[in-house]
Amino acid sequence: MKWRKMADHVQGLAQLEILCKQLYETTDTTVRHQAEKALVEFTNSPDCLSKCQLLLERGSSSYSQLLAATCLSKLVSRTANPLPLEQRIDIRNYVLNYLATRPKLAAFVTQALIQLYARITKLGWFDCQKDDYVFRNVIADVTRFLQDSVEHCIIGVTILSQLTNEINQADTTHPLTKHRKIASSFRDSSLFDIFTLSCNLLKQASGKNLNLNDESQHGLLMQLLKLSYNCLNYDFIGTSTDESSDDLCTVQIPTSWRSAFLDSSTLQLFFNLYHSIPPSLSPLVLSCLVQIASVRRSLFNNAERAKFLSHLVDGVKRILANPQCLPDPNNYHEFCRLLARLKSNYQLGELVKVENYPEVIRLIANFTVTSLQHWEFAPNSVHYLLSLWQRLAASVPYVKATEPHLLETYTPEVTKAYITSRLESVHVILRDGLEDPLDDAGLVQQQLDQLSTIGRCEYEKTCALLVQLFDQAAQTYQELLQSTNSSTADITVQEGRLTWLVYIIGAVIGGRVSFASTDEQDAMDGELVCRVLQLMNLTDSRLAQAGNERLELAMLSFFEQFRKIYIGDQVQKSSKLYRRLSEVLGLNDETMVLSVFIGKIITNLKYWGQCEPITSKTLQLLNDLSLGYPFVRKLVKLTAVQFMLNNHTSEHFSFLGVNNQSNLSDMRCRTTFYTALGRLLMDEDQFEQFMLPLTAAFETVAQMLSTNTFNEQEAKRTLVGLVRDLRGIAFAFNAKTSFMMLFDWIYPAYMPILQRAIELWYHDPACTTPVLKLMAELVHNRSQRLQFDVSSPNGILLFRETSKMITTYGNRILTLGEVPKDQVYGVKLKGVSVCFAMLKAVLSGNYVNFGVFRLYGDDALDNALQTFIKLLLSIPHSDLLDYPKLSQSFYSLLEVLTQDHMNFIASLEPHVVMYILSSISEGLTALDTMVCTGCCSSLDHIVTYLFKQLSRSTKKRPTPMATDDRFLHIMQQHPEMIQQMLSTVLNIIIFEDCRNQWSMSRPLLGLILLNEKYFADLRNSIVNSQPPEKQQAMHLCFENLMEGIERNLLTKNRDRFTQNLSVFRREVNDSMKNSTYGVNSNDMMS
């Protein structure tokens, strides 16, 4: 029998090994899928643990060892049915012995086993056995590795490195509070020792004569540097900064680490390593130096900081003086980051006092100029150099030190290098067919923002250079255009150079914001603006034959900057810029300049209607100009604006055409266009005339829909274009008079067409979404524009139309059945989300008395609410929170329903009530503050309703209505739901960074009053989980929380509770800051 069992095991192992080979090696996807399926079953099988051990002991292939390690990682990570402590200790010890006895495993197996050790250690960090934290003796675990061969040393260092990384990273399966507690405890108990160990090992390594041809020594050095970097890159205070916010990074080194940074040998160690190790490893050294340079300022006093900065600048100078390793792109990138940190963490006043400052700033300037001239090398690193110079230039007005900063000498060199290198790149890019940086709008905009500040330093030199370069390029361009035998390539080169110059001129004009400007500088701006406008006149005159898209986009960027700085109330009309415009171009005042803007907008819409980037940016400019009454008043007087208001048809503006072959979704820009036109339509008498093209379009669609045979594509295009236009107008009409004109125009004449479109094309989101969004806009009582007269039934009629549309769409969209996961948002959830938003807008609009519907037997309200429930139940909980727009519209609608229609919620079936409550429960912990606040508010309404019902039923009153009774009954059947939420809210307030404490406090009082016994148990468990010396203080915190609170939910009582709660939170946090204990949020939740 025993032999058979053994044979089964061996056979099972062989089978598993074959599956592993198939999973990792086969190219046949079917075979891989089958293997994957079988291995997932193996992972979930009850004897997985014993089989994993067998695989590690007897498995003949690396793949089976990898499978065992990953399966074990899953087993120790699971939150449901976790492994007992003894078993986890055994696995930890087994893994360490396994690694110690097999130092030459495949790299990926070693990695997976170390990952397993790190995971066990992290998740068991607070586990005790006989008053001993069994998983915390990590340095002891690793010491035996460090005293053995180089291979063992590498494993030991990798264990520490991986562990530091693992503890630093939050995972999604465990609460953030638990992660932060482990991370803080690890930081306080072990991290500094690990960092010191890594520095000591690096000193030993660099002290020896390193044989860098030896692969293993090379590997050890790399792992040591990674370990040092992981220690320095640790999230010390739980800010978990996003990787992308690199520039603002300050490393929050704990005060207990001061000794390591006051001692200059730590800094010198890394600078020495940089010069002594091979270039392939030096990027890691530089990464560590970047972190060290970013140590928080408050770690030092002024004298210590000056000394530290002096050593740092000396090290940088040494690298610049010996730049052999910098041609390596990774080294170069990290070094640029290091330079940027010099200014992000230190002030110019501190830098100029460093002994070698004049020499260093010269070297940095030369390095920057050389880098900019070699524009094709490491373009992503230039950002850091420009950021350094931007910060230096911005500090010039504020520096108080007597030592010279010399920036007036070097900044113009940097500006000149940037401008000339961009112009020289144009010819090379065209000649060699390289990727044009101008196509990466984000990168160009980022660099221009930096240049706008750099160029404003010594602005006279910047302007003189720009004028000279612009005149040369414009003259050459004009000559080429006039010549009969000029090549297209030459013209394209000059257009490329002019594109860069127009972008740069826009940027330096925009830089005026950052500096106190003088009349002379405004006059210089005038010189630049005149030149761009003259170029615009030249290019516009050629648009009938040819145009350059990039140059046009640069013009729009220039106009945007010019508008921000020189158009509007904040600008003195006597500005020297206007004087220069008047002298050169005859533009005497702001109105004439505005007419140039509008002229350009009309020209672009006429000639570039098929070019989406230009059309959308042009319309954005028109939209920005139409904001604000003073602008509108001036614009309306312009004949060009009147022309737009009277001729907004496709023959004048091609992008309004419906027969072009673009997608339905490409019509979005029409909404922007009509929003701007709606704002400019100030004369009410013009309304009928203005609406004529839209009336004609509606009539066309109506005619099409009335026949059985019509061109469906054309009908859709016309309708989608039309509803996008109308949504723009409805958005712009915020006054009652104008909005009522629009309402009377659309209702009742054209509503049936919108309803018919939803019936016909409910399955096509490109068609239904714009229609639903228009309806949501029409029912939105923005600025109280929907105020119907006392004798008008329009509010009720409008709600009927809304109800009909929601019901039609909802019932039909539910017939689609199962939609693939990757299409579910576009096809279904987006439309549902708009329906929720529409229902919320109409329910909270305050222009409908909803009591009349039931009174007169009208089922419009019931239909809308029942459709909402049907739609809601068709959406899984996870989707409600995964799609931000859906969650925002759902939770804001729920807030309105629980506030004004609680009787409806109370009358729902038990499973629906439970669905809604669990969605609130999940929303309480959502990352989106708006969702979380909405949930608090909804929960408060529900709890208040329950409390009132309970109070009423305990007093001697006639029996409550059946629905109230039913709701109470459901809640009494499932007390765990409300208790879970009480626990969640309390947990967030005590242990998490609670961003909306006021909102959280509102439902909490009701939850406590409804569950006084449960609250008492919860309180006791929290108090008992504290160290003995802290229990009294925690008990007192809870006593003070309920001090003076009565058993009611009156406003005065609630306000007192909210005040008590903020004191409670502060006191609890103070108490727990000094404690390494604290309740695990999982224990509270259970």
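This passage walks through the fold, cavities, ring pairs and a few unusual backbone spots of one protein chain.

The model is a predicted one. Its protein chain is built from 51 helices and just two strands. Taken along the principal axes, the C-alpha atoms fill a box of roughly 95 × 90 × 65 Å. Of the 1086 residues in the chain, 54% count as buried. Contacts in this chain often bridge long stretches of sequence: among those with a separation of 6 or more, 77% are between residues 24 or more positions apart.

Next come the empty spaces inside. Rolling a probe the size of a water molecule over the atoms shows where empty space is left. Here the count comes to four cavities of 30 Å³ or more. The largest of them has a volume of about 100 Å³. What sort of residues make up the lining of the largest cavity: nonpolar, polar or charged? The split is ten nonpolar, no polar and no charged. The residues in question are Val313, Leu342, Leu351, Val354, Tyr357, Val360, Ile361, Ile364, Leu388 and Leu392. Two helices, α17 (357-373) and α18 (382-395), each supply at least two residues of this lining, and the largest share, four residues, comes from α17.

The second largest cavity holds about 60 Å³ of space. Around the second largest cavity sit Tyr477, Glu495, Thr539, Arg542, Leu543, Ala546, Gly547, Asn548, Leu551 and Glu552. This lining is a mix, with four nonpolar, three polar and three charged residues.

Now for the aromatic rings. A pair of aromatic rings is described by the distance of the centres and the angle of the planes. The chain has 40 aromatic pairs. One of them is the edge-to-face pair of Tyr674 and Phe690, with 6.3 Å from centre to centre and 65 degrees between the planes. This pair links distant parts of the chain, 16 residues apart: Tyr674 belongs to helix α30 (residues 669-680) and Phe690 to helix α31 (residues 687-706). Are these two rings' residues buried or exposed? Tyr674 has a relative accessibility of 2%, so it counts as buried. Phe690 comes out at 1%, so it is buried too.

Another pair is made by Phe836 and Phe868. Their ring centres are 5.3 Å apart and their planes meet at 75 degrees, so this pair is edge-to-face. Again the link is between distant parts of the chain, with 32 residues from Phe836 in helix α37 (residues 824-843) to Phe868 in helix α39 (residues 860-873). Phe836 counts as buried because its relative accessibility is 1%, and Phe868 counts as buried at 1% as well.

Rings can also join up in a group. Ring pairs link Trp125, Phe186, Phe192, Phe195, Tyr234, Phe236, Trp257 and Phe261 into a cluster. Rings have charged company in places, too. The charged end of Arg136 sits over the ring of Tyr133, 3.8 Å from the ring's centre. Likewise, the charged end of Lys181 sits over the ring of Phe126, with 4.7 Å to the centre.

Helix α39 deserves another look, this time at Ile869, which lies in that helix. With a relative accessible area of 5%, Ile869 falls under the 20% cut-off and so is buried. Which residues does Ile869 touch, leaving aside its neighbours within four places in sequence? Its contacts are Phe904, Leu908, Val912 and Ile916. Take Val912: Ile869 and Val912 are 43 residues apart in sequence, yet 7.9 Å apart in space from C-alpha to C-alpha.

Last come a few backbone oddities in loops. Tyr747 and Pro748 are joined by a cis peptide bond, with omega at about 0 degrees. Pro748 is found in the loop between α33 (736-746) and α34 (751-761). Glu458 is not a glycine, but its phi is positive, near 60 degrees. Glu458 has its place in the loop between α20 (441-456) and α21 (459-482), where it is partly exposed, with a relative accessible area of 29%. Ser783 is also not a glycine and has a positive phi of about 50 degrees. Ser783 lies in the loop between α35 (765-778) and α36 (794-813). At a relative accessible area of 53%, Ser783 is exposed.

Note on methods:
Residues are numbered from 1 along each chain as its sequence is written. This is a predicted model: local features need pLDDT of at least 70, side-chain atom pairs count only at pLDDT 80 or more; totals for chains, interfaces and linings use all residues. Side-chain values use heavy atoms; hydrogens and water are left out. On a 1 Å grid over the protein atoms alone, a cavity is a set of points where a 1.4 Å probe fits but cannot get out, and a pocket is an open set with protein on both sides within 12 Å along at least five of seven lines; lining residues have an atom within 4 Å of a point. Grid points are joined across faces, edges and corners, and a volume is the space filled by probe spheres set on the points. Ala, Val, Leu, Ile, Met, Phe, Trp, Tyr, Cys and Pro count as nonpolar, Asp, Glu, Lys and Arg as charged, and the others, Gly among them, as polar. Rings of Phe, Tyr and Trp (its six-membered ring) pair if their centres lie within 6.5 Å; planes under 30 degrees apart count as stacked, over 60 as edge-to-face and the rest as tilted. Buried means under 20% relative accessible area, exposed over 50%, partly exposed in between (1.4 Å probe, protein chains only). A charge sits over a ring if NZ of Lys or CZ of Arg is within 6 Å of the ring centre and within 35 degrees of the ring normal. Contact means heavy atoms within 4.5 Å.
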